[in-house]
Amino acid sequence: MMVNDKKMLKLALLGFGNAGRAFASLLLDKHEEIIRMYGYDIVVSAIATRSKGALVDPEGINLGKALEDMENTGRFTAGAADISSMDIAEKADYDVLVEMTPLNIFTGQPAISHIEAAFDRGKDVITANKGPIAWRFAYLKDKAAKCGCRFYYETTVMDGTPVFNLAEKTLMMARVTEVSGILNSTTNFILEEMAKGADYDDIIARGRKMGFIEADASMDIEGYDAAAKITALLNVLMDADITPDMVERKGIEDITVEDIKEAASRNCVIKLMCRGYRDKDGTVKAAVRPEQVPEGSLPACIGSTTSVVSITTDLMKTVSVIEHEPEIEQTAYGIFGDMLRVITE
């Protein structure tokens, strides 16, 4: 849509949690710069939340007011609508659906249905939700192509770190044969603090205060989050077409201080490692489990909430990408970067 020699791009945001609000703030900060550099006026025409209300305005929501409402009252006030995220996906006026609803780690729903609805309408999709990539990536990728839609998902595994873009744009014709890494920052933090002698309950309390450990940390501690992330990586980078329940999974729930001391006696540290590789029969195998890794190795040097992924290829051998102690702004930038891909590609 052209408006005063500018093209207008309308976004529908499904979810307005920490990442959604950080993304909205980034849009406000960069609004004029985007117009100047790319000739696009970016407006948000709809926002849906599960419990804080919804906003719909085809001409563009006042993002400043929406952010102020959330800061002051925890929900939308003036102009709030009674409309579901699926209603927005199916009926609202938008060009790009930005899927940021809470993750259902066991099914990927309702995010998968939101994305399907957008593709059925010929709309582009950006997802920060790893569920659809872990559970239905091949299907959604094929559906996007058939519907002539763009489908971007850089934020799903390592926030804004360019992992998928790296492989797609700079490792052309290189066949990925193995993927490994430390993908869950919560377990990495817990294991590191246990090695320092900190009390387990205190570690959890501090992590919650810092904002990266959930009230229910079991999805992280038992390896479910890591399994979903390695699945997403393998589905995109190796066309694995697997689901998280096909990953051999063991979390850190049974790791003790004695285990950590025993590893140290061997000049090793314990890390929750994610690994995937192509077997001789062509199938992709994946595992998440605690491993003793040698001190001085790359995984051993990954501390606190830092993450790393190593991509091994036939032509370029192994390339590693490290994300250093990310904040919510990195997640917002990942979504922002995918949005820029929509308007440039």
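Let me start with methionine 172, which is found in the loop between α7, residues 164–170, and β8, residues 176–182. Please keep in mind that this is a predicted model. Is methionine 172 buried or exposed? Its relative accessibility is 62%, and exposed means over 50%, so methionine 172 counts as exposed.

The next residue to look at is methionine 173, found in the loop between α7 and β8 as well. Methionine 173 has a relative accessibility of 80% and therefore counts as exposed. Its phi is near 70°, which is a positive value in a residue other than glycine.

Where do these two methionines show up on the surface? Met172 and Met173, together with Leu315 and Met316, make a nonpolar surface patch of about 550 Å².

Now the sheet. Strand β8 belongs to an open sheet of six strands, and the order is β9-β11-β10-β8-β12-β13, with mixed pairing. Which strands stand at the edges? They are β9, residues 248–249, and β13, residues 317–323. Each has a single partner strand, so one side of each is left without a neighbour in the sheet.

As a reminder, strands of a sheet pair through backbone hydrogen bonds, either parallel or antiparallel. For β12, residues 307–313, and β13, the pairing is antiparallel and runs over seven bridges. You can check two positions on your screen. Isoleucine 311 stands opposite valine 319 in β13. Serine 307 has glutamate 323 of β13 as its bridge partner. The connection from β12 to β13 is a hairpin through three residues.

What packs on this sheet? Helix α8, residues 185–195, does, and it touches β8, β10 and β12. The direction of α8 makes about 155° with that of β10, which covers residues 268–278.

Just before β10 there is another backbone detail. Asparagine 267 sits in the loop between α12, residues 257–265, and β10. The phi of asparagine 267 is near 60°, again a positive value in a residue other than glycine.

A further backbone detail is at proline 110, in the loop between β5, residues 96–99, and α4, residues 111–120. The peptide bond that joins glutamine 109 and proline 110 is cis, with omega at about 5°.

Next, another pair of strands. Strand β2, residues 6–14, pairs with β3 in the parallel sense, over eight bridges. Alanine 12 stands opposite alanine 46 in β3. How many residues of strand β3, residues 40–48, are buried? Nine of the nine are, so β3 is largely enclosed by the rest of the structure.

My last stop is alanine 134, which lies in helix α5, residues 130–147. Alanine 134 has a relative accessible area of 1%; buried means under 20%, so this residue is buried. What is in contact with it? If we leave aside neighbours within four places in sequence, alanine 134 is in contact with Ala228, Thr231, Ala232, Asn235, Ile242, Thr243 and Pro244. Sequence and space can also be set side by side for alanine 134 and methionine 246: they are 112 residues apart in sequence, and 11 Å apart in space, C-alpha to C-alpha.

To recap two points: methionine 173 counts as exposed, whereas alanine 134 is buried. That is all from me.

How values were computed
Residues are numbered from 1 along each chain as its sequence is written. This is a predicted model: local features need pLDDT of at least 70, side-chain atom pairs count only at pLDDT 80 or more; totals for chains, interfaces and linings use all residues. Side-chain values use heavy atoms; hydrogens and water are left out. Patches are made of residues with over 30% relative accessible area and no salt bridge: like charges are joined within 9 Å, nonpolar side chains (Val, Leu, Ile, Met, Phe, Trp, Tyr) within 5 Å. Accessible areas come from the Shrake-Rupley method with a 1.4 Å probe; for residues, only the protein chains shown count as cover. A salt bridge is a side-chain nitrogen of Lys or Arg within 4 Å of a carboxyl oxygen of Asp or Glu. Helices (H or I, at least four residues) and strands (E, at least two) are DSSP runs, numbered from the N terminus. Buried means under 20% relative accessible area, exposed over 50%, partly exposed in between (1.4 Å probe, protein chains only). Two strands pair if DSSP finds at least two bridges between them. Contact means heavy atoms within 4.5 Å. Axes are lines fitted to C-alpha atoms, for helices over the stretch in contact, and angles run from 0 to 180 degrees between N-to-C directions.
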